[in-house]
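I opened my notebook to write down, entry by entry, what I looked up in this structure. The salt bridges come before the other topics.

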Amino acid sequence: MISHLPVLQVIVPLMAAPICLIFKRAQLVWLFSLLVSGLTFLISILLLQQVMTSGVLSYELGGWQAPWGIEYRIDKLNAFLLLIISAISTIVLFAAQTSIEKEIDKNKHTLFYVLYLLSLTGMLGIVATGDAFNVFVFLEISSLSSYALIAMGKNKRALWASYQYLIMGTIGATFILIGVGLMYQMTGTLNMQDLSQRLPEVAQTRTVFTAFAFVIVGVCLKLALFPLHHWLPNAYAYAPSIVTAFFAATATKVAIYLLIRLTFSVFGLSFSFTTIPLQSLFMALGLIGIFIASISAIYQNNIKHLFAYSSIAQIGYMIVGFSISTVTGLTATLLHVFNHALMKCAIFLALAAVMYRLDDVQLNNFHGLGRQMPLTMAAIVVAGLSLIGMPLTVGFVSKWYLLSALLEQGWWPVAVLILLAAILTVVYLWRIIEVAYFKQPLVDNAAVKEAPILFLVPIWTLTIANIYFGIDTRLSVQVAQAAAQSLFGLTP
Amino acid sequence: MLIGLFNNWIVVILMMIGLYIVIAHGNLIKKIVGLTLFQTSVFIFYISMAKVVGGTAPILADDIIQYSNPLPHALILTAIVVGIATIALALSLVIRIKAAYGSIEEEEIQRQDNQIQADKKERKQA
């Protein structure tokens with residue numbers, strides 16, 4: 001049983017998704033999905049433990065040996081990402097049933113869980129697999145289900161947002177497919193481990209350059225790197241709130257993982273950063289993304305829009321850390337992947353609670369909410385402080401590593417820009433805090449009460465995690481550092 | 001050189017036509033047509049990659065020594081299925097958009113969205 005864990009991680013939610021259709025009652029489906037998601041969480045903990053103690057796990061699907069068959073390869077990086085995705089998915093599901101009762105038609109509740117589990121399968125699959133073509137298949141599983149989930153939003157703009165995301169997402173995925181094809185043409189293999197050994201021999205050919213370009217652009221479309229981010233704000237703002245909470249914390253992280261895996265493991269450090277000027281390109285795009293997205297966030301009146309732009313800015317931080325291409329820089333990126341998942345999931349779940357009580361999340365809905373929904377608003381404030389990077393929160397830990405990585409290289413102008421960008425974060429958060437705490441409640445909202453307990457438990461679990469991992473950094477830093485070191489080939 | 005890469009030329013031309021339609025056309029159905037063309041060009045690319053000169057269909061038989069590479073065929077079979085699912089989903093979205101907006105022209109949809117925003121602002125001022 002234990003030796004089958006890598007494949008069970010993906011198979012369990014995949015098999016569970018159609019089983020959901022058997023149940024008639026939405027409540028039962030909810031409990032079942034929660035159980036399944038909890039099970040994947042448990043598996044990911046076991047996997048991480050195994051990987052940290054005994055090194056890389058390799059699983060051959062159907063017993064076919066590695067370069068011929070499909071291999072699932074779990075190293076420290078995957079195990080870390082699997083843990084984040086399955087943990088977030090489980091926490092979000094706690095609040096799911098209460099939230100969708102308000103936002104999705106009753107006859108679609110079962111289908112919601114089917115799509116949710118399929119989307120989870122896709123994301124776990126992308127991370128677990130060690131086969132380049134398999135990545136494309138899982139990418140499409142998660143994307144197709146996410147288009148449908150976004151289209152479930154109440155507002156008719158959700159349909160338009162979903163359509164735009166579908167067009168962009170399909171172009172991105174097809175780009176990845178072209179890149180994988182070109183790689184296969186040059187090397188005759190699809191296994192990532194095998195590719196990394198065979199690519200250096202043919203690295204100086206135009207075909208490999210083209211493959212690299214296609215794959216990277218495809219992945220960047222998926223991770224909403226500036227200037228390829230236009231699909232994201234509307235998709236996040238008009239999707240059902242619970243879907244936003246899930247995707248904001250996981251979907252772009254999976255794309256970041258793919259970027260790291262492809263550049264570091266498959267194409268190799270020297271090709272990605274020496275032969276191709278990826279460093280200056282990503283550094284510039286990351287920084288511009290941080291500023292443009294933060295400034296756009298300041299001018300948004302729909303709070304879900306506001307935090308969607310803030311997500312694009314946070315992706316900018318991850319990309320800056322990535323582009324430094326040192327162990328500390330990569331550690332900062334991986335830490336931020338973990339930390340940003342905690343903060344954004346808490347914030348978007350809190351917004352889901354506001355949506356549950358008020359049916360909308362425009363800025364004027366927040367008048368006086370600090371008094372009416374004190375616990376929910378307090379969670380937004382704590383997670384917001386973490387977003388800024390206050391000490392004693394997780395945001396501080398990843399900012400600290402990012403800045404020290406930049407100063408290690410002597411790039412203090414970039415470090416100054418990163419600190420300046422934090423001020424922009426303060427500005428857009430202050431707009432919410434001002435309205436929520438210093439304005440009188442609106443007359444129409446006089447009857448608004450605190451969010452139900454099923455919202456408060458997951459929201460505060462995440463908020464406390466925000467503080468806990470900001471003080472006790474052993475687990476997150478240790479794993480992120482070990483993963484970064486193994487990518488640089490420092491430890492086996 | 002030019003003739004030898006005939007298939008690749010076709011692939012690139014189809015790909016660019018498809019991508020151009022997706023970007024340039026405002027009609028949602030036309031966009032999907034472009035997307036399909038774009039995806040199909042990639043299928044042709046994979047299939048022509050598998051061709052081995054002088055090789056036959058990859059079926060095991062006694063007197064056959066050389067055959068085409070079957071792996072890209074298998075891969076692209078998967079990709080075709082994915083493509084069909086994408087198009088089905090896109091078309092069903094278009095049906096829902098038509099029902100909600102009464103139009104499948106990008107300009108009209110954006111005009112209606114902006115209209116809603118403008119109305120909200122007016123109400124706030126009033």
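**Entry on salt bridges.** Before looking at any pair, I wrote down that a salt bridge here is a side-chain nitrogen of Lys or Arg within 4 Å of a carboxyl oxygen of Asp or Glu. I also noted that the model is a predicted one, and that side chains of opposite charge can pair when their charged atoms come close. Searching the whole structure, I found eight salt bridges over all chains.

The pair I looked up first in these notes was R261(A) with D75(A), where the closest N and O atoms are 3.0 Å apart, so that the pair falls within the 4 Å of the rule. I then checked where the two partners sit, and they belong to distant parts of the chain, 186 residues apart. R261(A) is in helix 10 of chain A, residues 241-266, whereas D75(A) is in the loop between strand 2 (71-74) and helix 3 (76-103) of chain A. Are these two residues buried or exposed? I found that R261(A) and D75(A) are both buried.

Next I looked up D105(A), which forms a salt bridge with K108(A), the closest N and O atoms being 3.8 Å apart. D105(A) has a relative accessibility of 48% and therefore counts as partly exposed, and K108(A), at 30%, counts as partly exposed as well.

**Entry on the contact between the chains.** I turned to the place where chain B and chain A meet, and I noted that 39 residues from chain B and 32 residues from chain A take part in the contact. The size of an interface is often given as the accessible area lost when the parts come together. For chain B and chain A this buried area is about 3,200 Å², and carbon and sulfur atoms give 75% of that area.

How many salt bridges does the rule find across the interface of chain B and chain A? The rule finds one, and I traced it to the side chains of R157(A) and D113(B), with 3.5 Å from N to O. The pair crosses from helix 4 of chain B, where D113(B) sits, to helix 6 of chain A (residues 157-187), where R157(A) sits. D113(B) is buried because its relative accessible area is 8%, which is under the 20% cut-off, and R157(A), at 11% relative accessibility, counts as buried too.

I also recorded six residue pairs in polar contact across the interface of chain B and chain A, with both residues of a pair at pLDDT 80 or more. On the side of chain B that touches chain A, helix 1 (6-24), helix 2 (28-49), helix 3 (70-101) and helix 4 (106-125) of chain B each supply at least two residues. Helix 3 of chain B gives the most to that side, with 16 residues.

**Entry on a nonpolar patch.** On the surface I found a nonpolar patch formed by L407(A), W412(A), V416(A), L417(A), L420(A), I423(A) and V427(A), which together have about 650 Å² of accessible area. Which helix gives the largest share of the nonpolar patch? It is helix 18 of chain A, residues 412-438, with six residues. I looked more carefully at W412(A), which is found in helix 18 of chain A; with a relative accessible area of 57%, W412(A) is exposed, because the cut-off for that word is over 50%.

**Entry on single residues.** I looked up Q314(A) in helix 13 of chain A, residues 303-324, and its relative accessibility is 0%, so Q314(A) counts as buried. Leaving out residues up to four places away in sequence, Q314(A) touches H336(A), H340(A), K344(A) and L387(A).

E60(A) lies in strand 1 of chain A, residues 57-60, and at 32% relative accessibility E60(A) counts as partly exposed. With residues up to four places away in sequence again left out, E60(A) touches Q65(A), A66(A) and I70(A). I also noted that the C-alpha atoms of E60(A) and Y72(A) are separated by 6.5 Å, with their positions 12 residues apart along the chain.

Finally, I looked up I2(A), which lies in the segment before helix 1 (5-19) of chain A and counts as partly exposed at 48% relative accessibility. I2(A) and L47(A) are 45 residues apart along the chain, while their C-alpha atoms are separated by 9.0 Å.

How values were computed:
Residues numbered from 1 in each chain as written. Chains lettered and ligands numbered in written order. Predicted model: local features only at pLDDT ≥ 70, side-chain atom pairs only at ≥ 80, totals over all residues. Heavy atoms only, no water. Helix = DSSP H or I, 4+ residues; strand = E, 2+ residues; numbered from the N terminus. Buried < 20%, exposed > 50% of the residue type's maximum accessible area, 1.4 Å probe, protein only. Contact = heavy atoms within 4.5 Å. Patch = residues over 30% accessible without salt bridge, like charges linked within 9 Å, V, L, I, M, F, W, Y side chains within 5 Å. Areas by Shrake-Rupley, 256 points an atom, 1.4 Å probe, with all protein chains shown as cover. Buried area = accessible area lost by both parts, 1.4 Å probe. Polar contact = N/O pair within 3.5 Å; in protein donor to acceptor, adjacent residues only side chain to side chain.
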